[in-house]
Amino acid sequence: MSASPLIEIKDLRIRFHGDDGRITHAVDSVDLSVAHGATLGLVGESGCGKSVTSLAIMGLLPKQSAEITGAIRFDGFDLLHTPDQTLRDLRGNRLAMIFQEPMTSLNPSFTIGDQIIETILRHRGGSRKSARQRAIELLRRVHIPSPERRIDEYPHKLSGGQRQRVMIAMALACDPRLLIADEPTTALDVTLQAQILELMRELKAASGAAIILITHDLGVVAEVCDEVAVMYAGEIVERAPVDELFASPQHPYTVGLLGSIPRLDHRAEQLATIEGMVPNMAQPPAGCRFAARCPFVLETCTKAPPPLIEISPGHLSRCLRAPLELLVS
Amino acid sequence: MALLEVKGLVKHFVAERSLFGRALAHVKAVDGVSFSLDAGKTLALVGESGCGKSTVSRLVLRLIEPDAGTVRFEGRDLLSLDTEALRKFRREAQIIFQDPYASLNPRMTVGQILTEPLALHDLVPPAERRERVAEILRLVGLEPRLERRYPHEFSGGQRQRIAIARALAVEPKLIICDEPVSALDVSIRSQILNLLRELQDRLGLAYIFVSHDLAVVKHIADHVAVMNLGQIVEAAEADALFAAPRHPYSRALLSAIPVPKPRAKRSRIVLQGEIPSALNPPAGCRFHTRCPYVIDRCRSEMPQLVADGIGHATACHRTSELPSSAAIVPSDGGFSPVLEKLVAAFSGGPEAVRAGGVSSLGTDPA
């Protein structure tokens, strides 16, 4: 890890003010950092705040309803206090994002070439002709066959995997320093998923960009990430290097998640289940947010929010009972 | 006798018509599919989008009419049934869909949703229907008092339980599960998988399980049929297939399963090229455009699905010549002893499964 991280998030809190006056605590005291060229996996289930965090980095949350505090420092900028104009210059340039559904994020009435060229012209300027050359080059890099012909096609002519590759080509158009990928392979078949993951690894090696990969799929995390942050109910509950997290998880939620995935190596009669439901984030519980579903819960867990403590170098857990191996030995 | 026996099923959809309505192009969605399924067992259909797995499941229920082939359910030929007999058959075979948000009528309460099939098939006298609804709800792990609520008041996992309850209401022998857990979060997914397993043991149900998630398939299926472009390319017992897949397509598919273990040992086969269109499938073997082992014969001659002595069937000209596939499926190594014990704290017995997702409905402050 280099001395100063590429992006550093400090005490990020995001609250949504609903029309009915209700306040939802979407993200609470999130601290994260990603080094140059590293891949961070942000893992959690629907509504845990992982996508909201990434939208906050991109400056894409609605100003009227989202109240954001804390700090996001990226490449010398304080993103939460950056003028819109500067943010627009950063997005698609040094900061890029790909979304889960490539069909809804491409404009159906423009050719894929137009859309990539627009990005290049907006950020890099130059002639349309040279931008077109670069677009063809990008399509070739993401393995679109006969790119000089495909560049003039409309998104509906492409398959799902190809569209996702066009999205990646567009995100890479200006050599971003940070790429945020929100469930980039979720809508794809396993063979295409393998192609896209391979491509992301390839591109990372070639360009040295850092990646924040948002996913609920622990299998994908194990394949491409260096470090993992697990989110639950708006908080980071565990952070660890990827090997550590899978070998020795230190938060009960992570344990529950790992236990609930069917394994290839042994056939369990029953999978682990995490009983109960995510707390209502309009009124988050006073203590640990996972307490109501935790098999290791103590009375003290429900009294005050547990801090994120370092169990071993680089391995943090928001659990009073960690290290967990003491519970079963 | 097998519960379900499917032979030579064919379904071509018309993709394009001329001005006068003559068919110009066909999508060969299902092209000569045969399999059988015993009572109380699970057959999984796997393959990429567009391989025809969902079409097969709809043909089996006669929700769409096949162009050729036979479907026998307990020996009866389904395709010769008249409307009345078909209605009776629908009692015996049900379907659960992927999206629990779209498959429940938002204007009906859970009680109404579950009473409808009882009334339709006249299974239970009106006076006893409420009691029966309560019983079914308990069976899928929901509290009977929830019958007055509407679908939107439930979470995704609970809605899928309601969809399962509706399928169970008519006491079927076969349930087709079309991607039943794909739209659910990981922890909810395991609850539904456990529930399906438990119901199968208790009620002797047979499942046709359509899924693209191969780890889930390994967990739930007894038999697996791998489909590519409307045809079965390999069919075997689940354990045999996952131990050593034979068809090059199955090898590629299984080698690509992401496993929750960093640096897992794997020899991934990344298929090059795009999936050919079912509108115009390649001649010969339909996989030959992407197959790393292709020879000339594959381009012209379509291989037949041939079973060996133990019932492991493969449709490939080169089955006997291909390299060993023993290490194709990635290994996730299982859990360490400590992790095993920690996970065990989460795994309840059947009781815990039944109680799952019930207690905390209504997190609303009211």
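1. Burial in chain B. In this predicted model, 54% of the 366 residues of chain B count as buried. The accessible surface of the chain comes to about 15,600 Å², and carbon and sulfur atoms account for 51% of that area.

2. Overall dimensions. The C-alpha trace of chain B spans about 70 × 65 × 40 Å along its principal axes. Its radius of gyration is 22 Å, which agrees with the value near 21 Å for a compact globule of 366 residues.

3. Secondary structure and contacts. Chain B contains 12 helices and 12 strands. When contacts between residues at least 6 apart in sequence are considered, 66% of them join residues at least 24 apart.

4. Charged side chains. Chain B carries 45 positive side chains and 41 negative ones. The centres of the two sets are 3 Å apart.

5. Confidence. The average pLDDT of chain B is 88, and 95% of its residues score at least 70. Residues 349-366 of chain B, however, have a pLDDT below 50. That stretch nevertheless has 39 contacts in the model beyond near neighbours in sequence. For the model, ipTM is 0.86 and pTM is 0.88.

6. Backbone at B:L229. This residue has a positive phi, near 45°, although it is not a glycine. B:L229 sits in the loop that runs between β9 (223-228) and β10 (231-237) of chain B. Is this loop residue buried or exposed? B:L229 counts as buried because its relative accessibility is 3%, and the cut-off for burial is under 20%.

7. Backbone at A:S146. A positive phi also occurs here, with a value near 35° in a residue other than glycine. A:S146 belongs to the loop of chain A between α5 (128-141) and α6 (147-150). Its relative accessibility is 29%, so A:S146 counts as partly exposed; that class lies between the limits of 20% and 50%.

8. A cis peptide bond in chain A. The bond from A:A322 to A:P323 is cis, and its omega is near -5°. A:P323 is placed in the loop between β12 (315-317) and α12 (325-328) of chain A.

9. Points for the reader to keep in view. Which part of chain B has a pLDDT below 50? It is the stretch of residues 349-366. The backbone features described above can be located in the structure by their loops: B:L229 between β9 and β10 of chain B, A:S146 between α5 and α6 of chain A, and A:P323 between β12 and α12 of chain A.

Key:
Residues are numbered from 1 along each chain as its sequence is written. Chains are lettered from A and ligands numbered from 1 in the order in which they are written. This is a predicted model: local features need pLDDT of at least 70, side-chain atom pairs count only at pLDDT 80 or more; totals for chains, interfaces and linings use all residues. Side-chain values use heavy atoms; hydrogens and water are left out. pLDDT is the predictor's confidence in each residue, from 0 to 100. Contact means heavy atoms within 4.5 Å. Helices (H or I, at least four residues) and strands (E, at least two) are DSSP runs, numbered from the N terminus. The radius of gyration is taken over C-alpha atoms; the globule rule is 2.2 Å times the number of residues to the power 0.38. Buried means under 20% relative accessible area, exposed over 50%, partly exposed in between (1.4 Å probe, protein chains only). Accessible areas come from the Shrake-Rupley method with a 1.4 Å probe; for residues, only the protein chains shown count as cover. Lys and Arg count as positive and Asp and Glu as negative; His and the chain ends are not counted. The place of a charge is taken as NZ of Lys, CZ of Arg, CG of Asp or CD of Glu.
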